[in-house]
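Visitor: I would like to go through this model with you. Could we begin with the parts that call for caution?

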Amino acid sequence: MDFKRIVITGAPGTGKTSVIKSLEDRGYYCFHEIIRTMTLEAKKSQRSDSVLSNPIDFVDDSLAFNHTLLKGRLAQFQEAGNLKNDVLFYDRGTPDVLAYMDYFGQAYDVEFKEICKQYRYDQVFILPPWEEIYVQDNERLESYPQAVDLHIHLEETYRSLGYDIVEVPFGTVAERLDFIVKRIII
């Protein structure tokens, strides 16, 4: 393999999207998060007065929703073989699906974990919860305390799969970007 697959992960509201956009602005190829579009589609069938914090609450079949999400992230992983970039960034990886399912107490079959074990990323950066920048919106449904708990689940899931995680410190987007770029293992 002549390229590196690098995951940028973290709980909601940690600044991942800003970092990904800045990576793209610097010319890096980035695979975007797909859950926001899926959540918006699922919400269309819900009552407008519902107050929910779990995007899976919007769907009739949470296992199928998560399976679609996992397959979407797997497709991104596999698409990398068609690109000519040395470094590819992913806004979340396949293990994020497991972390969220664990957090929300959702069962999954062995295929979920096997995909995460078989299709490995080269490096994982995690952005920690940052209360000062945290904002809920129409797709970011979790409260800040839930984001903190999700961060723990993300760390535990990636570590259980044998990843060394690099935590990105707080700072401006430019500072965080420089931190990541300087630590890419080539």
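Visitor: Over which residues does pLDDT stay under 50?
Guide: In this predicted model, that stretch is residues 49–54. The model has eleven contacts for these residues beyond four places in sequence.

Visitor: And where is confidence lowest and highest among the elements of the protein chain?
Guide: The lowest mean, 58, belongs to helix 2 (residues 35–43). Strand 4 (residues 123–127) has the highest, at 98. For the protein chain, the mean pLDDT is 87, with 84% of residues reaching 70 or more.

Visitor: Let us turn to helix 1. Which of its residues are buried?
Guide: Helix 1 (residues 16–25) has Lys16, Val19, Ile20, Ser22 and Leu23 as its buried residues. These lie on the same side of helix 1, because the arc they cover around the axis is only 160°.

Visitor: What do they pack against?
Guide: The buried residues of helix 1 pack against four strands and one helix: strand 1 (4–10), strand 2 (29–31), strand 3 (87–91), strand 4 and helix 7 (173–182).

Visitor: Which exposed residues are on the face turned away from the buried side?
Guide: Thr17 and Asp25 are the exposed residues carried there. Asp25 also forms a salt bridge with Lys21, with the closest N and O atoms 3.3 Å apart. Both residues belong to helix 1 and are four residues apart, about one turn of the helix. Asp25 has a relative accessible area of 57%, so Asp25 is exposed. Lys21 is partly exposed, at 48%.

Visitor: What is found just after helix 1?
Guide: Gly27 follows there, with a positive phi of about 100°.

Visitor: And on the other side, where is Thr14 placed?
Guide: Thr14 sits in the loop between strand 1 and helix 1. Its relative accessibility is 0%, so Thr14 counts as buried. The Thr14 side chain reaches the backbone oxygen of Ala11 at 3.1 Å. Leaving aside residues up to four places away in sequence, Thr14 touches Leu127, Pro128, Pro129, Ile133 and Arg176.

Visitor: Back to charged pairs. How many salt bridges does the structure hold?
Guide: There are seven. One of them joins Glu33 to Arg73, where the closest N and O atoms are 2.7 Å apart. This pair links distant parts of the chain, 40 residues apart: Glu33 is in the loop between strand 2 and helix 2, and Arg73 is in helix 3 (residues 62–79).

Visitor: Are those two buried or exposed?
Guide: Glu33 is buried, with a relative accessible area of 15%. Arg73 is buried as well, at 3%.

Visitor: Which other arginine forms a salt bridge with Glu33?
Guide: Arg92 does, and the closest N and O atoms of that pair are 2.8 Å apart. Arg92 lies in the loop between strand 3 and helix 4 (94–103), so its pairing with Glu33 ties together parts 59 residues apart in sequence. Arg92 is buried, as is Glu33.

Visitor: What network do these residues belong to?
Guide: Glu33, Arg73, Arg92 and Asp96 are linked in a network of salt bridges.

Visitor: One last topic: how many disulfides are there?
Guide: A search of the whole structure finds zero. As for cysteines, Cys30 is buried at 5% relative accessibility, and Cys116 is buried at 0%.

Key
Residues are numbered from 1 along each chain as its sequence is written. This is a predicted model: local features need pLDDT of at least 70, side-chain atom pairs count only at pLDDT 80 or more; totals for chains, interfaces and linings use all residues. Side-chain values use heavy atoms; hydrogens and water are left out. A disulfide is a pair of cysteine sulfur atoms within 2.5 Å. Buried means under 20% relative accessible area, exposed over 50%, partly exposed in between (1.4 Å probe, protein chains only). pLDDT is the predictor's confidence in each residue, from 0 to 100. Helices (H or I, at least four residues) and strands (E, at least two) are DSSP runs, numbered from the N terminus. Contact means heavy atoms within 4.5 Å. The arc is that of the directions from the helix axis to the C-beta atoms. A polar contact is a pair of N or O atoms within 3.5 Å; within protein, one must be able to donate a hydrogen and the other to accept it, and residues adjacent in sequence count only if both atoms are side-chain atoms. A salt bridge is a side-chain nitrogen of Lys or Arg within 4 Å of a carboxyl oxygen of Asp or Glu.
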